[in-house]
Amino acid sequence: MRFTQDSSAGINIIRAYGSGELRVNENIYRGAVILSASMAIAEPNIQNLDDLVSIDVSRVLALEPEVVLLGTGARQIFPVASFGAQFLRAGIGFEVMDTGAACRTFNVMVSERRRVAALLLA
């Protein structure tokens, strides 16, 4: 067995997802979460895409990401175009995928030290 150093110390890694919750490192979030490599912001009032209109997008923009991942639950569902346009106008990439794919993509991007933020619906 070959051992390698764990370079994930000090950064947020999604350890599990499903059944309405996300486990980031050792913390469990129910509902939605805004996530970057160094910050996790619980959004318990966001339960589905319709609730996205109430989110303060400036909190995501303050993380200064190069790309924002939107995880929409068990299935990929696109939000209204105006939601993603807020990121595109700021010069930030915006990708929509199911939450499982968004979690896996987030972990890869964080491990590559990319500036990624994710808005994940559990």
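Before we start, one definition: a residue counts as buried when its relative accessible area is under 20%. Keep in mind, too, that this is a predicted model.

**Exercise 1. Work out which residues cover the two faces of strand E4, and what E4 pairs with.**

Step 1. Take one face of E4: Ala 32 and Ile 34 sit there, and both are buried. On the other face you find Val 33 and Leu 35, buried as well. That makes E4 a strand covered on both sides.

Step 2. Now look sideways to E5. Four bridges link E4 and E5, and the two run antiparallel. Leu 35 has Ala 40 as its bridge partner in E5. The connection from E4 to E5 is a hairpin through four residues.

Step 3. Then turn to E8. E4 and E8 are also antiparallel, again with four bridges. Here Ala 32 stands opposite Leu 121.

**Exercise 2. Put the strands of the sheet in order and find its edges.**

Step 1. Reading across, the order is E5-E4-E8-E6-E7, an open sheet of five strands with mixed pairing. At the edges are E5 (40-43) and E7 (93-97), each of which pairs on one side only. From one strand to the next, the twist averages 15 degrees.

Step 2. Check the parallel part. E6 (residues 67-71) pairs with E8 (residues 116-121) in the parallel sense, over five bridges. One of the pairs to look for is Val 68 with Ala 117 in E8.

Step 3. Go on to E7, which is parallel to E6 and joined to it by five bridges. Gly 71 has its bridge partner, Met 97, in E7.

Step 4. See how E6 is packed. Five of its five residues are buried. Val 67, Leu 69 and Gly 71 point to one side, while Val 68 and Leu 70 point to the other.

Step 5. Add a helix to the picture. H2 (residues 81-89) lies across E6, E7 and E8, and runs at about 150 degrees to E7.

**Exercise 3. Describe helix H3 from its start to just past its end.**

Step 1. Begin with its length. H3 (residues 99-111) has 13 residues and spans 18 Å from first C-alpha to last, close to the 18 Å expected at 1.5 Å a residue.

Step 2. Look at the start. A side-chain oxygen of Asp 98 comes within 3.1 Å of the backbone nitrogen of Gly 100. Thr 99 also belongs to H3, and its side chain reaches the backbone oxygen of Gly 71 at 3.3 Å.

Step 3. Is Thr 99 buried or exposed? Its relative accessible area is 4%, so Thr 99 is buried. Beyond its sequence neighbours up to four places away, Thr 99 touches Leu 22, Gly 71, Thr 72, Gly 73 and Leu 121.

Step 4. Find what covers the helix. The buried residues of H3 include Ala 102, Cys 103, Phe 106 and Val 110. Among the elements covering the buried residues are E1 (14-18), E2 (21-24) and E4 (32-35), along with E6, E7 and E8.

Step 5. Step just past the end: Arg 113 has a positive phi of about 65 degrees.

**Exercise 4. Find the nonpolar cores and say what supplies the largest one.**

Step 1. The largest core has 20 residues, and those touching the most other members are Ile 14, Leu 35, Leu 69, Phe 106, Val 110, Val 116 and Leu 120. At least two residues come from each of E2, E4, E6, H3 and E8. H3 gives the most, with six.

Step 2. Zoom in on Leu 120. Leaving out neighbours within four places in sequence, its contacts include Ile 14, Leu 22, Val 33, Leu 35, Ala 102 and Cys 103.

Step 3. Apart from the largest core lies another one, of 19 residues, including Leu 49, Val 57, Phe 83 and Phe 94.

**Exercise 5. Place Val 60 in the fold and decide whether it is buried or exposed.**

Step 1. Val 60 is part of helix H1 (residues 57-61).

Step 2. Its relative accessible area is 4%, which is under the 20% cut-off, so Val 60 is buried.

Step 3. List its company. Setting aside neighbours within four places in sequence, Val 60 is in contact with Ile 34, Pro 65, Val 68, Phe 87 and Ala 117.

Step 4. Finish with a distance. Ser 36 is 24 residues away from Val 60 along the chain, and their C-alpha atoms are separated by 8.9 Å.

How values were computed: Residues are numbered from 1 along each chain as its sequence is written. This is a predicted model: local features need pLDDT of at least 70, side-chain atom pairs count only at pLDDT 80 or more; totals for chains, interfaces and linings use all residues. Side-chain values use heavy atoms; hydrogens and water are left out. Two strands pair if DSSP finds at least two bridges between them. Axes are lines fitted to C-alpha atoms, for helices over the stretch in contact, and angles run from 0 to 180 degrees between N-to-C directions. Contact means heavy atoms within 4.5 Å. The expected span of a helix is 1.5 Å times one less than its number of residues. Buried means under 20% relative accessible area, exposed over 50%, partly exposed in between (1.4 Å probe, protein chains only). A polar contact is a pair of N or O atoms within 3.5 Å; within protein, one must be able to donate a hydrogen and the other to accept it, and residues adjacent in sequence count only if both atoms are side-chain atoms. A nonpolar core is a set of buried Ala, Val, Leu, Ile, Met, Phe, Trp, Tyr and Cys residues joined through side-chain atoms within 4.5 Å.
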